[in-house]
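Open the model in your viewer and keep the selection tool at hand. We will go from stop to stop, and at each one you will hear what to select and what is there.

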Amino acid sequence: SPVSMKPEHIILKSGSALFDDLLYEFEQARKYIHIRSFLWRNDDTGRLVAHKLIQSANRGVEVYIVKDRIGAFFEYAEANGQSFFHDSPSACSYFSTHSTRTMYWQAKAMAWLYNNRPRAQRPNPLADKMRSHPRVHVIDSYKLYDHSKVITIDDKVAYVGGIGFADEYRTGNSPPWLDFMFKTNDSRVTRTITMSLSGTNLHYGESMKCITSTTCEFEGDNLHNNLLTFINQTKNNITVVMPFLGDVDYIRAFVLLLHRNVKVHFITAANAHSNRYRNKHFFKRIIREAGVHAKNLTISLTDGMVHGKLLLQDNETIRIGSQNMVMESDVVRDTAIEASIPELYFSAAQALNDQLEPRTIREYRGLAGVKLFNKENPWVSILFPSRVEWFAAKVQSVIVFLRKKTIRSLAAQF
């Protein structure tokens with residue numbers, strides 16, 4: 001059954017209940033469904049969502065899907081290795097700007113690094129069925145570097161967060177990947193989220209803000225700077241749920257908090273599906289630079305995958321969305337919600353605790369904890385693979401920089 005929408009804003013956790021809620025809202029749609037998707041896998045969940053969207057289109061609903069080709073890298077590299085829309089990499093030229101062919105082999109190399117064994121990509125007839133439907137409008141031919149996960153329905157309901165359409169978010173392993181989606185049924189907030197996809201820092205009232213960057217590192221007011229500002233404003237405590245870490249600006253920001261005796265708590269996977277070694281490098285840098293002030297630091301490493309991007313600040317403010325802390329310029333568009341609404345804060349905290357409860361957690365708290373973390377993760381074991389991960393992210397950043405004019409133009413269109 002769908003989740004009750006009282007209050008009007010809620011944080012949903014990954015799992016079957018979230019997808020039941022989403023599919024129910026698809027059934028209620030009367031005018032349009034607009035989806036910005038980064039990851040859409042050809043598995044049971046991906047096909048389930050596709051069938052429900054086709055049913056909505058058959059009722060006369062206009063379905064708009066913007067699917068970024070960059071997401072195909074992770075569709076090829078993880079889980080079953082099957083991309084829903086980008087199912088013919090061998091048909092692309094190696095040298096085409098928007099080719100998935102080179103990405104396919106790069107993804108296989110990454111899978112080898114993390115001991116994943118995805119299957120070879122196979123054609124997906126259901127994707128062709130969606131493309132050929134007169135009311136389903138699919139934009140999937142471009143590398144947009146759009147990492148957003150945003151769904152809006154009839155200017156009435158909107159979702160923003162980190163969850164893609166794949167089994168690992170719904171069923172997958174037990175439990176599913178730890179992740180979240182913000183949901184609202186407030187039409188004013190929904191319209192703000194819709195408009196934010198073509199602008200930056202759009203506000204809703206005093207207690208909520210939707211931030212989208214369409215140009216990222218190319219302009220001064222971007223999500224990277226916005227997130228740094230958010231972190232720096234912390235007064236007492238901050239919990240950071242984050243899958244991918246590494247940018248030195250965030251290391252400096254958290255070290256400054258620790259020096260101010262702010263309690264900083266990180267929650268991430270012990271063995272992330274990518275960026276695993278840079279995460280550990282990130283923590284070791286913070287520990288080293290914080291010195292005795294690492295007494296204010298707690299690192300919680302969980303089994304299973306943590307994919308959510310959630311910050312809980314000073315027991316009153318949340319920030320939720322699709323933005324990682326790896327490198328400021330490896331994507332062009334992300335979307336985040338900031339809110340200081342007590343009910344929403346407690347909803348987020350509850351969604352987090354519910355997902356942590358069945359997991360095994362290795363916690364490193366205070367000076368004794370970080371000393372143990374350093375002992376269990378010596379530099380020699382992470383330095384080389386973390387440099388490989390850094391180099392891969394840096395190459396992506398350089399590509400984005402070189403293609404900035406094209407990406408700007410495409411971002412303005414979609």
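A nonpolar patch, as the word is used here, is made of residues with over 30% relative accessible area and no salt bridge, their nonpolar side chains being joined within 5 Å. Keep in mind along the way that this is a predicted model.

**Stop 1: the nonpolar patch**

Select Trp112, Leu113, Phe384 and Val388: together they form a nonpolar surface patch with about 450 Å² of accessible area. Now colour H4 and helix H13 (379–402), each of which supplies at least two residues of this patch. Zoom in on phenylalanine 384, which is found in helix H13. Is phenylalanine 384 buried or exposed? Its relative accessible area is 63%, and because exposed means over 50%, phenylalanine 384 is exposed.

**Stop 2: helix H1 and the loop after it**

Next, select residues 16–28, which are helix H1. The 13 residues of H1 reach 19 Å from first C-alpha to last, close to the 18 Å expected at 1.5 Å a residue. Which residues of H1 are buried? Show Leu18, Phe19, Asp21, Leu22, Leu23, Glu25 and Phe26 as sticks to see them.

Move on to arginine 30, in the loop between H1 and strand S2 (32–37). Arginine 30 counts as exposed, at 55% relative accessibility. Add Lys31, Arg59 and Lys156 to the selection, and you have the positive surface patch that they form with Arg30.

**Stop 3: salt bridges**

How many salt bridges does the count come to? The count is 18, and we will visit a few of them. As background, side chains of opposite charge can pair when their charged atoms come close.

Select arginine 41 and glutamate 78, a salt bridge whose closest N and O atoms are 3.8 Å apart. This pair links distant parts of the chain, 37 residues apart: arginine 41 sits in the loop between S2 and helix H2 (44–58), and glutamate 78 in the loop between helix H3 (72–77) and helix H4 (101–113). Arginine 41 is buried, with 0% relative accessible area, and glutamate 78 counts as buried too, at 5%.

Then pick glutamate 62 and arginine 135, where the closest N and O atoms of the salt bridge are 3.9 Å apart. Here the partners are 73 residues apart, with glutamate 62 in strand S3 (residues 62–67) and arginine 135 in the loop between helix H5 (125–132) and strand S4 (136–139). Glutamate 62 is partly exposed, with a relative accessible area of 24%; arginine 135 is partly exposed as well, at 33%.

For a salt bridge inside one helix, go to glutamate 289 and arginine 285, which meet at 2.9 Å, N to O. Both lie in helix H10 (residues 276–290), four residues apart, or about one turn of the helix. An α-helix has 3.6 residues a turn, so residues three or four places apart point the same way. Glutamate 289 counts as partly exposed, at 32% relative accessibility.

Finish this stop with Asp21, Glu25 and Lys183, which salt bridges with shared partners join into one network.

**Stop 4: valine 292**

Last, select valine 292, in the loop between H10 and strand S12 (297–302). At 59% relative accessibility, valine 292 counts as exposed. Which distance should you check here? Take the C-alpha atoms of valine 292 and leucine 367: the two residues are 75 residues apart along the chain, and these atoms are separated by 7.2 Å.

Conventions
Residues are numbered from 1 along each chain as its sequence is written. This is a predicted model: local features need pLDDT of at least 70, side-chain atom pairs count only at pLDDT 80 or more; totals for chains, interfaces and linings use all residues. Side-chain values use heavy atoms; hydrogens and water are left out. The expected span of a helix is 1.5 Å times one less than its number of residues. Buried means under 20% relative accessible area, exposed over 50%, partly exposed in between (1.4 Å probe, protein chains only). Patches are made of residues with over 30% relative accessible area and no salt bridge: like charges are joined within 9 Å, nonpolar side chains (Val, Leu, Ile, Met, Phe, Trp, Tyr) within 5 Å. Accessible areas come from the Shrake-Rupley method with a 1.4 Å probe; for residues, only the protein chains shown count as cover. A salt bridge is a side-chain nitrogen of Lys or Arg within 4 Å of a carboxyl oxygen of Asp or Glu. Lys and Arg count as positive and Asp and Glu as negative; His and the chain ends are not counted. The place of a charge is taken as NZ of Lys, CZ of Arg, CG of Asp or CD of Glu.
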